[in-house]
Structures are given as structure tokens and as C-alpha cells.
Amino acid sequence: TMQHYDLELIKYVSSLTNIPLIAAGGASGPHDCSLAIEAGASAVSAASIFHFTNYTPRDCKEDMFREGIPVRL
């Protein structure tokens, strides 16, 4: 949707379970991926931002790295 991840929903669901949670549907830019991880997601899924913008997976990884999230660059 490229309308940002539902961070409140991610926080809520991640507080209820110990299984990994993958946030999907909503990234409008690299920082959205970082925000989803910080909200409690174990990983993010993104596609539209790579198809319909100039952002790359590397941009998302670099933002996560700057935010202190462990990521392979």
C-alpha cells in the first residue's frame, strides 16, 4: 500500500507471541522498515517501494544499520 506499516498493530501482535513476526504491506521508504523492526517485527517484507520508487534494498539496510538494527550490509 506504501502507506506505512501499521506500527500499533505490530506492537500489539508482537507483544502476544514469541514467534517471529514479519511486517508486510506498507513501506513507503527505507525508514519505514526500521520503524517496523523497532515496533517489534522480526523482519520486514517490501516490494512496491522497490518497483515504484528509486529505493533499493540496500537503502533499507543502510537505514536499519544507522538505527542500530543488526543487519548484513
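**Warm-up**

Is Glu8 buried, partly exposed or exposed? Let's work it out. Buried means under 20% relative accessible area, exposed means over 50%, and partly exposed is in between (1.4 Å probe, protein chains only). Glu8 has 55% relative accessibility, so it counts as exposed.

Before going on, a word about the model. It is predicted, so local features need pLDDT of at least 70 and side-chain atom pairs count only at pLDDT 80 or more, while totals for chains, interfaces and linings use all residues. Residues are numbered from 1 along each chain as its sequence is written, and side-chain values use heavy atoms, with hydrogens and water left out.

**Exercise 1. Find the salt bridge partner of Glu8 and place the pair in the fold.**

Step 1: Recall the rule. A salt bridge is a side-chain nitrogen of Lys or Arg within 4 Å of a carboxyl oxygen of Asp or Glu.

Step 2: Look for the partner. Glu8 pairs with Lys11, at 3.5 Å from N to O.

Step 3: Place them. Both sit in helix α1 (residues 7-16), three residues apart, which is about one turn of the helix. Helices here are DSSP runs (H or I, at least four residues), numbered from the N terminus.

Step 4: Check the surface. Lys11 is at 41% relative accessibility, so it counts as partly exposed.

**Exercise 2. Track down the salt bridges in helix α4.**

Step 1: Start with the total. The structure holds three salt bridges.

Step 2: Take Glu62 and Arg58. Their side chains meet at 2.9 Å, N to O, and the two lie four residues apart in helix α4 (residues 57-66). Glu62 is partly exposed at 27%, and Arg58 is partly exposed at 40%.

Step 3: Now take Arg66 and Asp63. This bridge spans 3.5 Å, N to O, and its partners are three residues apart in helix α4. Arg66 is exposed, with a relative accessible area of 59%, whereas Asp63 is buried at 9%.

**Exercise 3. Decide whether Cys33 and Cys60 form a disulfide.**

Step 1: Get the cut-off. A disulfide is a pair of cysteine sulfur atoms within 2.5 Å.

Step 2: Compare. A search of the whole structure finds zero disulfides. For Cys33, the nearest cysteine sulfur is that of Cys60, 3.6 Å away, and Cys33 is in no disulfide. Cys60 is in no disulfide either.

Step 3: Check burial. Cys33 is buried at 1% relative accessibility, and Cys60 is buried at 4%.

**Exercise 4. Describe the surroundings of Ser34.**

Step 1: Locate the residue. Ser34 is in helix α2 (residues 30-39), and at 0% relative accessibility it counts as buried.

Step 2: List the contacts (heavy atoms within 4.5 Å). Leaving aside residues up to four places away in sequence, Ser34 touches Asp63, Met64, Glu67 and Ile69.

Step 3: Zoom in on Met64. The side chain of Ser34 reaches the backbone nitrogen of Met64 at 3.4 Å.

**Exercise 5. Do the same for Ser14.**

Step 1: Locate the residue. Ser14 is in helix α1 and is partly exposed, with a relative accessible area of 22%.

Step 2: List its neighbours. Not counting residues up to four places away in sequence, Ser14 touches Leu21, Ala39 and Gly40.

Step 3: Look back along the chain. A polar atom of the Ser14 side chain lies 3.1 Å from the backbone oxygen of Lys11.

Terms used. Polar contact = N/O pair within 3.5 Å; in protein donor to acceptor, adjacent residues only side chain to side chain.
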